[in-house]
Amino acid sequence: MMAAPADDFRAAIDAQAPALLQIYKDLHAHPEISQHEERTSALLAEELRKAGFTVTEHVGRYPDGSAAFGVVAILSNGEGPTVLVRTDMDALPVEEKTGLPYASQTAGAMHACGHDLHMACFLGTARTLGAMQDRWHGTLMLIGQPSEERVNGARAMLADRLYERFGRPDYCIAQHDTPDIAAGQVGMVAGPMLSGASTVDVTIRGVGGHGARPEATQDPVVMAAQFVLALQTIVSRQTAPQDPAVVTVGSIHGGTRPNIIPDEVSSKSPRELSVRRCAGTRWPPSSESRAAWPWQPASRKIVRPLCRLTRRNPCRLPTTIRRWQRG
Ligand SMILES: [Zn+2]
């Protein structure tokens with residue numbers, strides 16, 4: 001419940017921007033991948049305490065029993081609704097090659113999804129509202145969400161009785177950067193903003209042999225090549241145009257030597273076959289209905305691929321994104 005004109009906030013935000021930029025660069029230089037956000041969560045917790053919040057760390061429990069690095073910060077300021085503001089904290093397991101002076105100092109990890117930016121904005125929100133408590137009333141519930149990239153950090157916090165321990169919010173606000181909106185502009189939607197993603201492990205099974213005797217084998221490399229291309233026809237020919245979907249094969253593995261036809265090709269780690277969809281029909285096909293998958297046999301005796309759905313995270317996409325520019 002705000003009672004302050006926007007100009008007050010603009011001045012407060014402008015005054016904070018240099019310090020927040022420093023925090024952003026520090027976070028960018030020290031990325032931590034999913035489930036390893038130890039330094040990051042400690043930094044957030046310290047800054048939130050300085051901003052006047054009551055902070056609880058290590059909120060969240062993964063299915064294997066290990067603790068998560070979730071952060072919950074509460075600021076109660078009289079009667080009014082509870083507003084949850086969330087930032088994600090984890091980086092991606094990719095090598096940074098930007099050459100920036102504040103580039104990642106951790107080999108094999110980078111804030112390539114913008115969670116460093118989200119955290120800097122999140123702390124700006126905490127500082128601004130913490131310093132202006134005479135201008136609003138209600139309860140703020142600021143959340144540092146671990147392991148967003150693996151889609152298990154939010155669930156870990158809920159499993160640790162997040163809402164029972166800290167209260168159930170009336171409103172939830174989250175943000176994500178996007179290359180589609182110019183710097184200085186903000187887009188807003190009510191409800192879900194991005195697609196859900198499901199992940200499927202696929203193993204193409206063949207019969208290996210010598211590369212000089214292909215007729216005696218069932219070559220899974222050729223089958224896999226056909227399979228990857230045929231997958232795209234699911235989107236173009238089996239999915240309704242009003243039901244947006246994307247299929248990405250992020251990794252493919254098979255074979256050891258140039259002259260050996262392997263027994264199988266798989267899409268297993270580090271990045272499996274990823275399916276992003278937004279609404280509508282059940283997708284990707286369940287294991288029962290996988291006979292419907294596109295499949296042109298590259299061999300006489302085809303062995304059906306093994307498909308294992310490892311993650312499903314459904315979501316709906318809104319029809320419009322409203323944007324405006326700061327004046
Ligand atoms: Zn992200």
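A residue is called buried here if 20 or more other C-beta atoms lie within 10 Å of its own, and the legends below use the word in that sense for a predicted model.

**View 1. Helix α6 and the strands that its buried residues meet.** In this predicted model, helix α6 spans residues 220-238, and its buried residues are P220, M223, A224 and F227. The buried residues of α6 pack against three strands, namely β7 (196-205), β10 (253-254) and β12 (264-266).

**View 2. The open sheet of 5 strands.** The strands of this open sheet follow the order β1-β2-β4-β3-β5, and their pairing is mixed. Because β1 (54-61) and β5 (171-174) stand at the edges with a single partner strand each, one side of each is left without a neighbour in the sheet. From one strand to the next, the twist averages 25°.

**View 3. Strand β3 between its partners β5 and β4.** Strand β3, which covers residues 82-88, pairs with β5 in the parallel sense over 4 bridges. Within this pairing, L84 has C172 of β5 as its bridge partner, while R86 stands opposite A174 in β5. Strands β3 and β4 also run parallel and are joined by 7 bridges, and here T87 has G144 of β4 as its bridge partner.

**View 4. Helices α2 and α3 packed on the sheet.** The pairing of β3 with β5 in the parallel sense belongs to the sheet on which both helices pack. Helix α2 (residues 38-50) touches β1, β2 (67-77) and β4 (138-145), and its direction makes about 10° with that of β2. Helix α3 (residues 115-131) touches β2, β3 and β4, and its direction makes about 150° with that of β3. Together, β3, α3 and β4 make a right-handed β-α-β unit.

**View 5. Helix α2 from end to end.** The 13 residues of α2 reach 19 Å from the first C-alpha to the last, which is close to the 18 Å expected at 1.5 Å a residue. Its buried residues are T40, S41, L43, L44, A45, E47 and L48. Just after α2, G52 takes a positive phi of about 105°.

**View 6. The surroundings of G130 in helix α3.** G130 has its place in helix α3, and, leaving aside residues up to four places away in sequence, G130 touches A51, G52, F53 and L75. Among these contacts is G52, the residue with the positive phi just after α2. G130 and K50 are 80 residues apart in sequence, yet their C-alpha atoms are 9.2 Å apart in space. Since 19 other C-beta atoms lie within 10 Å of G130, this residue is classed as partly exposed, whereas 20 or more would be needed for a residue to be called buried.

**View 7. Confidence across the model, with two stretches of low pLDDT.** The protein averages a pLDDT of 83, and 79% of the residues score at least 70. Over residues 280-300, pLDDT stays under 50, and the model has 31 contacts beyond four places in sequence for this stretch. Over residues 315-327, pLDDT likewise stays under 50, and the model has 28 contacts beyond four places in sequence there.

Key: Residues are numbered from 1 along each chain as its sequence is written. This is a predicted model: local features need pLDDT of at least 70, side-chain atom pairs count only at pLDDT 80 or more; totals for chains, interfaces and linings use all residues. Two strands pair if DSSP finds at least two bridges between them. Helices (H or I, at least four residues) and strands (E, at least two) are DSSP runs, numbered from the N terminus. Axes are lines fitted to C-alpha atoms, for helices over the stretch in contact, and angles run from 0 to 180 degrees between N-to-C directions. Two residues are in contact if their C-beta atoms, placed from the backbone, lie within 7 Å. A residue is buried if 20 or more other C-beta atoms lie within 10 Å of its own, exposed if 12 or fewer, and partly exposed in between; C-beta atoms are placed from the backbone. The expected span of a helix is 1.5 Å times one less than its number of residues. pLDDT is the predictor's confidence in each residue, from 0 to 100. A crossover is right-handed if, with the strands pointing away from the viewer, the path from the first strand over the helix to the second runs clockwise.
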